[in-house]
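Let's take a walk through this structure together, one neighbourhood at a time. Have the viewer open beside you as you read.

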Amino acid sequence: MSVTVETAARTAPAAVIVAIDGPSGTGKSSTSKAVAAKLGLSYLDTGAQYRAITWWMLNNGIDVADAAAVANASGKPSIESGTDPSAPTITVDGQDASGPIRTQEVTSRVSAVSAVPEVRARITELQRTIAAGAENGIVVEGRDIGTTVLPGADLKVFLTASAGARAARRSGELKGADVAATREALIKRDAADSSRKTSPLAKADDAVEVDTTELTLHQVIECVVTLIEGKQAAK
Ligand SMILES: Nc1ncnc2c1ncn2[C@@H]1O[C@H](COP(=O)(O)OP(=O)(O)OP(=O)(O)O)[C@@H](O)[C@H]1O
Ligand SMILES: Nc1ccn([C@@H]2O[C@H](COP(=O)(O)O)[C@@H](O)[C@H]2O)c(=O)n1
């Protein structure tokens with residue numbers, strides 16, 4: 001007796017480029033990392049790159065309020081991002097910058113540096129190169145990914161949440177930081193990021209907006225995974 005075993009041909013899911021944008025504290029990083037890990041995609045934190053160049057400027061005595069000085073120095077540091085969602089890395093001139101880029105000093109200055117067109121041109125080029133090299137696809141999170149960096153992304157998601165919810169989340173992270181002060185700082189940074197001339201924080205016309213105010217992180221992750229799987233199936 002002969003038995004024929006038929007095995008269904010398994011095909012890898014199509015590589016997808018996913019852009020996740022939104023204001024500070026809406027859950028972009030947490031969501032993007034989890035979604036990328038779950039679906040086997042690369043992950044890029046573009047905010048970390050702007051923080052890294054800001055950290056370098058501060059360390060090298062550049063007055064970050066002087067746009068011309070920032071523009072002149074913008075090509076000098078070498079910035080490298082590791083795109084494994086379970087262990088993302090960021091280095092500046094070969095030095096691990098993951099800790100120092102999260103300081104209050106960097107957070108309060110980053111919007112001034114990221115508003116400089118020469119900085120944006122350089123970092124945008126870096127982001128496009130990384131995205132183009134991601135064989136299985138990538139989740140890229142930031143402020144202008146859907147509008148400017150990767151306008152042809154397969155899926156664009158714009159996360160929002162009330163300022164109160166975002167401040168409460170951040171204050172919890174900062175272990176008891178004053179919620180009102182955190183809220184004011186978030187609003188100030190969003191205003192600066194939204195009002196700059198070059199690629200401001202904005203929702204792309206074709207982005208799916210997800211208000212996370214009343215959602216758990218798990219619910220947001222599931223929502224984005226479903227959206228991505230829909231795009232993969234359609235490719
Ligand atoms: N839906 C949610 N419900 C509750 N907490 C959440 C939710 N999403 C994210 N958080 C928490 O909120 C905090 C901020 O999230 P996260 O860093 O992912 O936001 P972000 O949009 O990347 O912020 P930023 O732009 O400032 O880097 C984290 O402590 C995270 O665990
Ligand atoms: N695509 C992006 C991403 C970030 N920025 C600037 O970096 C700052 C820090 O971002 P986080 O996500 O780490 O909080 C942000 O406030 C922007 O100024 C950007 O311009 N474009």
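In this predicted model, Thr-213 touches Ala-161, Ser-162 and Ala-165, leaving aside residues up to four places away in sequence. If you are looking for Thr-213 on the chain, go to the loop between strand 8 (208-211) and helix 9. Another residue to look at here is Thr-160: it sits 53 residues from Thr-213 in sequence, yet the two are 7.4 Å apart in space, C-alpha to C-alpha. Is Thr-213 buried or exposed? Around Thr-213 there are 12 other C-beta atoms within 10 Å. A residue counts as exposed if that number is 12 or fewer, so Thr-213 is exposed.

Helix 9 also leads us to the first of the ligands to visit, since helix 9 (217-234) is one of the elements that give two or more residues to the shell around ligand 1; the others are helix 1 (28-39) and helix 7 (163-173). Altogether, 17 residues lie around ligand 1. Those that come nearest are Gly-27, Lys-28, Ser-29, Ser-30 and Arg-169. What is the character of this shell by residue class? Ten of its residues are polar, four are charged and three are nonpolar.

Now turn to ligand 2, which is surrounded by 15 residues. Gly-47, Tyr-50, Ser-114, Gly-142 and Arg-143 are the closest of them. Two or more residues of this shell come from each of helix 2 (46-59), helix 4 (104-114) and helix 8 (179-195). Which helix gives the largest share? That is helix 2, with five residues. Sorted by class, the surroundings of ligand 2 comprise six polar, five charged and four nonpolar residues.

Helix 2 is worth following a little further, to its packing against helix 5 (residues 117-132). The axes of these two helices come within 11 Å and cross at roughly 135°. An angle between 115 and 145 degrees counts as oblique, and therefore helix 2 is oblique to helix 5. As for the hand of the crossing, it is right-handed. On the helix 2 side, the contact is made by Thr-46, Gln-49, Tyr-50 and Ile-53, while helix 5 brings Val-119, Ile-123, Leu-126 and Gln-127. By class, this contact has five nonpolar and three polar residues, and no charged ones. Tyr-50 thus appears twice on our tour: among the closest residues to ligand 2, and in the contact of helix 2 with helix 5.

Conventions: Residues are numbered from 1 along each chain as its sequence is written. Chains are lettered from A and ligands numbered from 1 in the order in which they are written. This is a predicted model: local features need pLDDT of at least 70, side-chain atom pairs count only at pLDDT 80 or more; totals for chains, interfaces and linings use all residues. A residue is near a molecule or strand if its C-beta atom, placed from the backbone, lies within 6 Å of it. Helices (H or I, at least four residues) and strands (E, at least two) are DSSP runs, numbered from the N terminus. Ala, Val, Leu, Ile, Met, Phe, Trp, Tyr, Cys and Pro count as nonpolar, Asp, Glu, Lys and Arg as charged, and the others, Gly among them, as polar. A residue is buried if 20 or more other C-beta atoms lie within 10 Å of its own, exposed if 12 or fewer, and partly exposed in between; C-beta atoms are placed from the backbone. Two residues are in contact if their C-beta atoms, placed from the backbone, lie within 7 Å. Axes are lines fitted to C-alpha atoms, for helices over the stretch in contact, and angles run from 0 to 180 degrees between N-to-C directions. Angles under 35 degrees count as roughly parallel, over 145 as roughly antiparallel, 65 to 115 as roughly perpendicular and the rest as oblique. A crossing is left-handed if the near helix is turned anticlockwise from the far one by less than a right angle, and right-handed if clockwise.
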